[in-house]
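Got a minute to go through some labels with me? I'd like to see what stands behind each one.

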Amino acid sequence: MKLEQLEKEILDYIDNTEYSQQTDLKKYRQKQEQVKVKTNNRVWVYSLVSSMVAVVIIFCAILPFVLKKDAPQEKLVYTTQAEIDFYNLDLFEQVYPLLDNKPKQLKFAPFNKKASQKIVDSQNQKVLGAFAELEFTFDNTNKAILTMYIINEKYDIKPIDTQIETDETIVWTDNIIVNYLEGSNGELAYYEFSFNYQGYRHYYKLCPQQVCEKETLFNNVFK
């Protein structure tokens with residue numbers, strides 16, 4: 001082999017080998033870049049999923065409290081007389097201390113107590129409210145009977161009707177909005193009014209023996 005031919009083959013080999021190495025190195029670098037991109041994608045996706053899971057866990061934890069706070073509390077309904085009991089109280093003054101939250105306590109003129117009772121759940125004896133019937137005398141001869149119920153707003157006691165259907169309201173002491181109704185039973189007038197105050201529903205019915213102005217009646221019953 002001539003020297004010139006040998007030199008040419010050696011140079012060709014070197015050129016081809018260098019090209020092949022460069023090509024292999026380029027492929028290797030491309031694979032490394034792909035691995036790096038995939039790794040970065042995995043890290044990004046993992047971080048995103050972790051953040052979403054954390055948000056879901058926190059949301060699930062606080063959601064029941066938010067809904068419980070915003071949702072109106074359902075009343076416990078008593079549908080029959082057998083679900084409640086009445087227990088006599090020795091003194092009318094015992095009515096208010098047995099109730100929670102110190103509901104609106106009206107100041108009455110001197111009266112004769114006919115009845116005062118606490119209303120309880122017949123199963124667990126939980127106090128639901130109170131009932132009283134009081135007798136007042138004014139103008140020496142005129143007597144008025146006051147029937148009253150004070151029921152905790154958390155309870156709906158169907159056998160005790162304290163609803164007044166009227167469009168007429170009056171503003172009473174402490175700016176209390178009162179539902180008011182005036183009616184008659186034959187020749188005898190009666191006056192009903194109800195209002196909600198400090199978590200309790202109040203109902204009062206006044207029945208005088210003789211017809212009189214309601215202002216006179218109220219002024220001789222409530223002080």
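Here are some questions and answers on how the labels are earned.

Q: What should I keep in mind about the model and its numbering?
A: This is a predicted model, in which local features need pLDDT of at least 70 and side-chain atom pairs count only at pLDDT 80 or more, while totals for chains, interfaces and linings use all residues. Residues are numbered from 1 along each chain as its sequence is written, and side-chain values use heavy atoms, with hydrogens and water left out.

Q: What makes up the secondary structure of the protein chain?
A: There are two helices and 10 strands, in the order α-β-β-β-β-β-β-β-β-β-β-α along the sequence. These are DSSP runs numbered from the N terminus: helices are H or I with at least four residues, strands are E with at least two.

Q: Why is Asp-156 called partly exposed?
A: Buried means under 20% relative accessible area, exposed means over 50%, and partly exposed is in between (1.4 Å probe, protein chains only). Asp-156 comes in at 22%, so it counts as partly exposed.

Q: What makes the pair of Asp-156 and Lys-158 a salt bridge?
A: The rule asks for a side-chain nitrogen of Lys or Arg within 4 Å of a carboxyl oxygen of Asp or Glu. For Asp-156 and Lys-158 the closest N and O atoms are 3.0 Å apart, so the pair passes the rule. The count by this rule comes to one salt bridge.

Q: Why does Arg-201 have no salt bridge?
A: Its nearest side chain of opposite charge, Asp-156, is 5.1 Å away. The limit is 4 Å, so this pair doesn't qualify. Arg-201 is buried all the same, and it lies in strand S10 (residues 200-208).

Q: What does the side chain of Arg-201 make a polar contact with?
A: With the side chain of Thr-162, at 2.9 Å. A polar contact is a pair of N or O atoms within 3.5 Å; within protein, one must be able to donate a hydrogen and the other to accept it, and residues adjacent in sequence count only if both atoms are side-chain atoms. Leaving aside neighbours within four places in sequence, Arg-201 is also in contact (heavy atoms within 4.5 Å) with others, including Lys-75, Tyr-149 and Phe-195.

Q: How do you know that S7 and S8 pair?
A: Two strands pair if DSSP finds at least two bridges between them. Strand S7 (residues 169-172) and strand S8 (residues 176-185) have four, in the antiparallel sense, so they pair. One of the bridges links Trp-172 with Ile-176 in S8. The hairpin has three residues between the strands, and Asp-174 there takes a positive phi near 60 degrees.

Q: What makes the phi of Asp-139 worth a look?
A: Most residues other than glycine have a negative phi. Asp-139 is not a glycine, yet has a positive phi of about 55 degrees. Asp-139 sits in the loop between strand S4 (127-138) and strand S5 (142-152), and at 54% relative accessibility it counts as exposed. Gln-198 isn't a glycine either and has a positive phi of about 50 degrees; its place is the loop between strand S9 (188-197) and S10.

Q: Why is Gln-198 partly exposed?
A: Its relative accessible area is 41%, so Gln-198 falls in the range between the two cut-offs.

Definitions and conventions:
Lys, Arg positive; Asp, Glu negative; His and termini not counted.
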